[in-house]
Amino acid sequence: MYIINYITLLDSDEEKLFEGTLSSNDSFLKTFQELDIDIPFSCNMGCCMSCGVRVLEGIEYINQEKYGEIYIEVENDIILMCIAGLETNISTNIRITLKSLM
Ligand code: FES
């Protein structure tokens with residue numbers, strides 16, 4: 001179980017889709033889906049860019065391949081939410097801001 005003390009998810013127009021505290025032990029995609037947040041996705045295994053988001057803040061806390069391998073080339077500040085998760089099992093006092101590419 002991990003806890004993100006403060007996470008903000010923006011759509012591509014910078015409208016807030018989510019803002020607050022999260023606790024989960026799944027990928028970012030599954031975690032947001034469980035909250036009924038509509039996230040674009042397709043392959044669900046790191047092969048496309050559908051679930052890609054730019055990390056505006058907090059990339060040091062994210063393991064980009066925690067739940068699978070990246071099979072495409074992505075920029076350093078982009079994560080694929082279907083396979084990315086928190087770097088550590090339990091974290092506190094962290095802040096992450098994600099902006100959707102789609
Ligand atoms: S849904 Fe294809 S990379 Fe995440």
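**View 1. Leu22 in strand 2, and its distance to Tyr6.** In this predicted model, L22 is found in strand 2, which covers residues 16-24. Is L22 buried, partly exposed or exposed? L22 counts as partly exposed, because 19 C-beta neighbours lie inside 10 Å and a residue is called buried if 20 or more other C-beta atoms lie within that distance. L22 and Y6 are 16 residues apart in sequence, and their C-alpha atoms are 7.3 Å apart in space.

**View 2. The whole chain, as a setting for the close-ups.** The chain holds one helix and seven strands, and from the N terminus on these elements follow the order β-β-α-β-β-β-β-β. Along the principal axes, the C-alpha atoms fill a box of roughly 30 × 30 × 25 Å. The chain has a radius of gyration of 12 Å, which agrees with the value near 13 Å for a compact globule with 102 residues. Of these 102 residues, 23% count as buried. If one takes the contacts between residues at least 6 apart in sequence, 58% of them join residues at least 24 apart.

**View 3. Confidence along the chain.** The average pLDDT of the chain is 90, and 92% of the residues score at least 70. Among the elements, strand 5 has the highest mean pLDDT, at 97, while strand 1 has the lowest, at 82. As a caution for reading any such picture, where pLDDT is low the predicted coordinates should not be read in detail.

**View 4. The largest nonpolar core.** This core has 16 residues, and those that touch the most other members are L29, C51, L80, M81, C82 and A84. Strand 1 (2-10), helix 1 (28-34), strand 5 (78-80) and strand 7 (95-100) each supply at least two residues of the core. Which element gives the most to this core? Helix 1 does, with three residues. As a general background to this view, nonpolar side chains in soluble globular proteins tend to be buried together. A closer look at M81 shows that, when its neighbours within four places in sequence are left aside, M81 is in contact with S27, F28, L29, I39, C51 and V53.

**View 5. Strand 3 and the two strands paired with it.** Strand 3 and strand 5 run antiparallel and are joined by three bridges, and within this pairing G52 has L80 of strand 5 as its bridge partner. Strand 3 also pairs with strand 7 in the antiparallel sense, over four bridges. In that second pairing, E57 stands opposite T97 of strand 7.

**View 6. Two residues with positive phi in one loop.** D36 lies in the loop between helix 1 and strand 3 (52-57), and N44 lies in the loop between helix 1 and strand 3 as well. Although D36 is not a glycine, its phi is positive, at about 65°; N44, which is not a glycine either, also has a positive phi of about 65°. Their surroundings can be described by counting C-beta atoms: D36 is exposed, with 6 other C-beta atoms within 10 Å, whereas N44 is partly exposed, with 18 other C-beta atoms within 10 Å.

**View 7. Leu10 in strand 1 and its contacts.** L10 belongs to strand 1 and counts as partly exposed, since it has 18 C-beta neighbours inside 10 Å. Which residues is L10 in contact with, leaving aside its neighbours within four places in sequence? They are E15, K16, L17, L98, K99 and S100. L10 and S42 are 32 residues apart along the chain, and their C-alpha atoms are separated by 19 Å.

**View 8. Ile59 and Asn76, each in a loop.** I59 is placed in the loop between strand 3 and strand 4 (62-63), and with 17 C-beta neighbours inside 10 Å it counts as partly exposed. I59 and E87 are 28 residues apart along the chain, with 9.4 Å between their C-alpha atoms. N76, by contrast, is placed in the loop between strand 4 and strand 5. Because N76 has 8 C-beta neighbours inside 10 Å, N76 counts as exposed. From C-alpha to C-alpha, N76 and I37 are 25 Å apart in space, and in sequence they are 39 residues apart.

Terms used. Residues are numbered from 1 along each chain as its sequence is written. This is a predicted model: local features need pLDDT of at least 70, side-chain atom pairs count only at pLDDT 80 or more; totals for chains, interfaces and linings use all residues. A nonpolar core is a set of buried Ala, Val, Leu, Ile, Met, Phe, Trp, Tyr and Cys residues joined through C-beta atoms within 7 Å. A residue is buried if 20 or more other C-beta atoms lie within 10 Å of its own, exposed if 12 or fewer, and partly exposed in between; C-beta atoms are placed from the backbone. Two residues are in contact if their C-beta atoms, placed from the backbone, lie within 7 Å. pLDDT is the predictor's confidence in each residue, from 0 to 100. The radius of gyration is taken over C-alpha atoms; the globule rule is 2.2 Å times the number of residues to the power 0.38. Two strands pair if DSSP finds at least two bridges between them.
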